[in-house]
Amino acid sequence: MKRSLIAIQDFSVEELQELMDTANDIIANPSGYSELCRGKKIATLFFEPSTRTRLSFEAAMLELGGAVIGFSEAQSSSAAKGESVADTAKVISCYADIIAMRHPKEGAPLVAAMNASIPVINAGDGGHNHPTQTLADLLTIYREKGRLGNLTVGICGDLKFGRTVHSLIAALSRYEGIRFVLISPEELKLPSYVKKEILKANNIPYVQTTDLEAVMPELDILYMTRVQRERFFNEEDYLRLKDSYILTPERLYNAKKDLCIMHPLPRVNEISVAIDDDPRACYFKQVLYGKYMRMALILKLLKEAGTL
Ligand code: NCD
């Protein structure tokens with residue numbers, strides 16, 4: 001049966017483990033996967049800028065032996081002529097076997113999934129969700145820490161508009177012993193719907209603070225994020241808030257020796273490049289793991305659709 005990935009909650013914890021197991025197997029044995037998608041196509045429909053997500057979907061499909069079609073900006077698609085997302089999804093279903101879609105409007109990939117006859121993957125919808133970044137994040141934590149539970153997870157920066165944050169919180173909340181430390185300026189706190197529907201609904205312990213230094217010693221994971229300029233209504237607010245948190249080597253003085261520093265990238269100023277060589281810096285590993293998780297995801301969805 002055709003299945004799509006719109007929100008990370010679409011997968012059970014067992015399915016997330018299965019995807020991580022497949023990704024780990026691909027890392028160990030890449031040649032065993034290099035022909036599995038021969039003759040299959042992914043369409044990457046990107047109505048918003050992207051480097052990693054689009055290219056990692058494309059690299060993932062190419063490494064599975066498949067092919068890629070798509071566009072990387074709305075202006076070069078028929079959306080510029082007024083075509084609806086629903087129609088675009090029906091049209092692309094005639095050309096490709098699976099769709100990865102990024103769109104500035106919350107819910108657009110869901111509309112696509114309701115209208116496509118092939119699986120649709122949400123590659124980021126507005127300030128809402130970004131489930132495949134979460135797949136990359138989960139594999140990174142699992143490989144670095146050897147577990148996904150019993151962790152104190154600090155998430156720092158733009159918790160209001162950061163879609164990767166919303167999906168990561170939804171995913172980690174399903175594991176035992178997770179505690180969140182939410183670090184942001186007052187104006188960029190986690191939306192109340194995420195607190196209510198995920199944290200409070202599942203009795204997940206969390207604290208909110210503006211002070212990164214004060215909470216640093218407790219953290220097992222520090223997930224830094226960029227202030228999402230494109231979602232602000234006025235530039236002044238962005239300029240005032242953009243450099244709220246800048247991680248430098250000095251600011252790690254009271255951090256755990258085995259802290260795992262993550263960032264979905266792109267970084268602007270949130271992490272000094274001087275940290276890149278610190279063994280605790282995991283953000284470029286996240287990029288690599290993202291490709292393997294997307295390979296595992298493409299295989300799973302194509303198998304379930306009966307295409308493979
Ligand atoms: C993120 C996104 O698009 O939400 N980027 C990504 O896909 N790795 C984070 C961001 O843009 O800040």
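## Close-up views of a predicted model

**View 1. Strand β1 and its pairing with β2.** In this predicted model, A43 stands opposite I69, a residue of strand β2. The two strands β1 and β2 run parallel and are joined by five bridges. On the way from β1 to β2 the chain passes through α2, and the resulting β-α-β crossover is right-handed. Strand β1 is mostly covered, with five of its six residues buried.

**View 2. The four-stranded open sheet.** Four strands with parallel pairing form an open sheet in the order β2-β1-β3-β4. The edges are taken by β2 (67-71) and β4 (120-125), and because each of these has a single partner strand, one side of each is left without a neighbour in the sheet. Averaged over this sheet and with direction ignored, neighbouring strands are turned by 15 degrees against each other.

**View 3. Strand β3 and the partners on its two sides.** Strand β1 (residues 41-46) pairs with strand β3 (residues 98-103) in the parallel sense, over five bridges. Residue by residue, I42 has I98 of β3 as its bridge partner, T44 has A100 of β3, and F46 stands opposite R102 of β3. The pairing of β3 with β4 is also in the parallel sense and runs over four bridges; here the bridge partner of H103 is D125 in β4.

**View 4. Burial of β3 and the two directions of its side chains.** Six of the six residues of β3 are buried, so this strand is largely enclosed by the rest of the structure. In a regular strand the side chains alternate between the two faces of the sheet. In β3, I98, A100 and R102 point one way, whereas I99, M101 and H103 point the other way, and all of these residues are buried.

**View 5. Helix α4 beside β3 and β4.** The elements β3, α4 and β4 together make a β-α-β unit that is right-handed. Within the four-stranded sheet, β3 and β4 are joined by four bridges in the parallel sense. Helix α4 (residues 108-115) packs on this sheet, where it touches β3 and β4, and the direction of the helix makes about 165 degrees with that of β4.

**View 6. The ring pair F47 and F71.** Four aromatic pairs are found when the whole structure is searched. In the pair of F47 and F71, the ring centres are 5.2 Å apart and the planes stand at 85 degrees, so the pair is edge-to-face. Because F47 lies in the loop between β1 and α2 (52-63) while F71 lies in strand β2, the pair ties together parts that are 24 residues apart in sequence. F47 has a relative accessible area of 10% and is buried, and F71, at 15% relative accessibility, counts as buried.

**View 7. The ring cluster of F161, F232 and Y238.** Ring pairs link F161, F232 and Y238 into a cluster. Among the four aromatic pairs of the structure, the one formed by F232 and Y238 is edge-to-face, with 5.9 Å from centre to centre and 75 degrees between the planes. F232 counts as buried at 15% relative accessibility, and Y238 is buried with a relative accessible area of 6%.

**View 8. A charged end over the ring of F57.** The charged end of R294 sits over the ring of F57, at 5.0 Å from the centre of that ring.

**View 9. The five-stranded open sheet.** A further open sheet has five strands in the order β7-β6-β5-β8-β9, with parallel pairing. Its edges are formed by β7 (206-209) and β9 (260-262), each of which has a single partner strand, so one side of each is left without a neighbour in the sheet. In this sheet neighbouring strands are turned by 15 degrees against each other on average, direction ignored. Strand β5 (residues 151-156) and strand β6 (residues 178-183) run parallel and are joined by six bridges, and V153 has F180 of β6 as its bridge partner. Helix α7 (residues 192-200) lies across β6 and β7 and runs at about 155 degrees to β7.

**View 10. The buried helix α6.** In helix α6 (residues 163-172), 10 of the 10 residues are buried, so the helix is largely enclosed by the rest of the structure. The buried residues of α6 include polar or charged names such as R163, T164, H166 and S167 as well as V165, L168, I169, A170, A171 and L172.

How values were computed: Residues numbered from 1 in each chain as written. Predicted model: local features only at pLDDT ≥ 70, side-chain atom pairs only at ≥ 80, totals over all residues. Heavy atoms only, no water. Pairing = 2+ DSSP bridges. Axes fitted to C-alpha atoms, helices over the stretch in contact; angles between N-to-C directions. Contact = heavy atoms within 4.5 Å. Buried < 20%, exposed > 50% of the residue type's maximum accessible area, 1.4 Å probe, protein only. Phe/Tyr/Trp six-rings, centres within 6.5 Å; stacked < 30°, edge-to-face > 60°. Lys NZ or Arg CZ within 6 Å of the ring centre and 35° of its normal. Right-handed = clockwise from strand over helix to strand, strands pointing away.
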